[in-house]
Every structure is written in C-alpha cells, then in structure tokens.
Amino acid sequence: MPYLTRMVGTDEHYLETELNTLIQSDPEMWRFLQQGSLDGVWYWDLEHPEAEWMSPEMWRLLGVDPATRRHDPAEWQDLIFQDDLQIALQNFQKHCADPNYPYDQIVRYRHADGSTVWVRCRGMAIRDNTGKPIRMLGAHNDLTAVKRGEEVTKNALRETAAANEELHSFAYSISHDLKAPAGTMHLLLQEIIDGGTENLSETQRELLDLAQDTAAHMRQLVDEMLTYTRIIGDEPECKPVSLRDTAEMARRILAPLISDTGAELKIDDHLPVVPGDPTQLKTLMQNLLE
C-alpha cells in the first residue's frame, strides 16, 4: 500500500495515522499486536449476551484446548473465582452506566492443572448512537508471574521477621549472660588498683591498665549488643562519625595484637567525618585492621 505523506501541524503524528491505516487494512498487523502484547482478546454481543468470541490465546492461558470450548460466557464463568466474578460484573455495570468509569480489574482463574492464573481484565463498551452499550471489547494480560513473585517476597519478609525475632532473643540471652562476668571482672580489677600498685613494676602497671581498658571494652560491647538486640530489623542510626577517632579506638582495642605481631599502625590526621552508624563503623574498622 502507498505510505502516507507526513502531515505537519496536525495533532495526530503521521506515523500514528499510518499505523492506524495499516491495522485497518491488513489483518496480519492486528494479529501481530494481539498475539504479541495480549494474552487473550474477547468481544461480547451485549444484545445477545450468550454470544461472546474469545481468542485462542485466552483459552491456552488457562491450559484449555480452544477447540473444546464454545463462544459462550458460560464457558469461562465456571473457571473464574466467584468473588472476582462478582467484582467484574459490578465494574461492568458501572462502566455501562458511565463510560468514564473504567472496566479494569485483576481476577483469578483456575488453570486446567489446578493452579491459579492471575489475569488483568480490561474492557471498553461500544455504544450505539443513543449511548446504549451494544458490544464489549476486552483484553487479558497474564500477571501470574508477578503475583507469584509478590507472594515469594511476602513469604521472604515473613521468614526474615521470624529470623530477626529469633536472633533478637538469642543475642539478648547471650549479651545478658555476658554482662555479669564483664562487670565482675571490672570490679576485681578495681579492687587490685584500690589495694595499691606501688609494688608493681612499670610493665605490670601497664598490663593492669590494659586489662582495665579491655574489661571496659567488653562491658561496652555487651551494652552495644543489648542495644542492637532492640533495633534488629530497623534502619541503622546514621550520624556524623569521625573516622580518626574510630581508628584510634580500634588501635586501643587491638593494642595487644599490634604489640604481639610487631605491627606499625599509622593513622592519618585528615581522616574525614562520615555519616554512618558509630558502632558498626567501629566494628568495621576493627575487623579491617585485625
């Protein structure tokens, strides 16, 4: 067919005009669009409601041989979930009464294998000169994969919530059991210091100070774990954190390991302040250095 000349200054683009003409004149164009973008088309005679043409794709979507079905609404109405059928009928009546009310809903069908098929069903009433609906053109889109994906996501979220609750209970129990020994260790060290350190060598005093720092760090870790058990599953607290201060804290914690390995740790004076969770950044820095 001759192609249309491009029209400038009109509301309709020349390619849209050309495509509309092709669809009207070439049945293959309509079949391509129907089969390539839809999972079923139906056309219903509202003046003779027992007559409804349904494309083969609609039946194949439900695992049914199209040759075994008549073009009759009763053929599919026993496959659709009855609750969804009632919603579709209500929307149909509202659309017939008001063209601006959309006929558009997601409904469920029973597949031949017993599974559920989720379908977005849309339609448009075709009216006579008086506005009376005489035909209904509709289209189906298969949403089963989307709905199954949503269900998988919901199940995963439920499992995650259950796992977080279990982790919460476990972490709380462990941290609670550790808090008492950490506190006892701190008190015992303090008793030694209060008893006097005059008879201790310089090395012994340094080791005692390190033991105190280690005990204090242990108590802090337990407190942080108790805090963490209360916020499992929540978004981390984000605040400005000095990476230099964080690195210095990690150096004090790892002092025995640094000494034993003969490592040399240099901390840049210009490490930035970054947004983050202080506890998590401290743990990250300590793990990286270790």
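Helices are taken here as DSSP runs of H or I with at least four residues, numbered from the N terminus, and in this predicted model Phe170 lies in one of them, helix α6. Helix α6 spans residues 144–194 and is the element that gives the most to a nonpolar patch, with four residues. The patch is formed on the surface by Leu167, Phe170, Ile174, Leu178 and Met225, which together have about 430 Å² of accessible area.

Towards the N terminus, the packing of two helices was examined. Two packed helices are described by the angle between their axes and the distance between the axes. For helix α1, residues 14–25, and helix α2, residues 27–37, the angle is about 105° and the axes are 5 Å apart. Angles of 65 to 115 degrees count as roughly perpendicular, and α1 and α2 are therefore assigned to that class with respect to each other. On the α1 side the contact involves Leu19, Leu22, Ile23 and Ser25, which meet Pro27, Met29, Trp30 and Leu33 of α2. Classified by residue type, this contact of α1 with α2 contains seven nonpolar residues and one polar residue, with no charged residues.

Charged pairs were considered separately, and the count of salt bridges comes to 14. In one salt bridge, Arg135 is paired with Glu47, and the closest N and O atoms are 3.4 Å apart, within the 4 Å cut-off applied to such pairs. Because Arg135 lies in strand β5 (residues 133–142) whereas Glu47 is in the loop between β1 (41–45) and β2 (52–54), the pair ties together parts of the chain that are 88 residues apart in sequence.

Technical notes. Residues are numbered from 1 along each chain as its sequence is written. This is a predicted model: local features need pLDDT of at least 70, side-chain atom pairs count only at pLDDT 80 or more; totals for chains, interfaces and linings use all residues. Side-chain values use heavy atoms; hydrogens and water are left out. Axes are lines fitted to C-alpha atoms, for helices over the stretch in contact, and angles run from 0 to 180 degrees between N-to-C directions. Angles under 35 degrees count as roughly parallel, over 145 as roughly antiparallel, 65 to 115 as roughly perpendicular and the rest as oblique. Contact means heavy atoms within 4.5 Å. Ala, Val, Leu, Ile, Met, Phe, Trp, Tyr, Cys and Pro count as nonpolar, Asp, Glu, Lys and Arg as charged, and the others, Gly among them, as polar. Patches are made of residues with over 30% relative accessible area and no salt bridge: like charges are joined within 9 Å, nonpolar side chains (Val, Leu, Ile, Met, Phe, Trp, Tyr) within 5 Å. Accessible areas come from the Shrake-Rupley method with a 1.4 Å probe; for residues, only the protein chains shown count as cover. A salt bridge is a side-chain nitrogen of Lys or Arg within 4 Å of a carboxyl oxygen of Asp or Glu.
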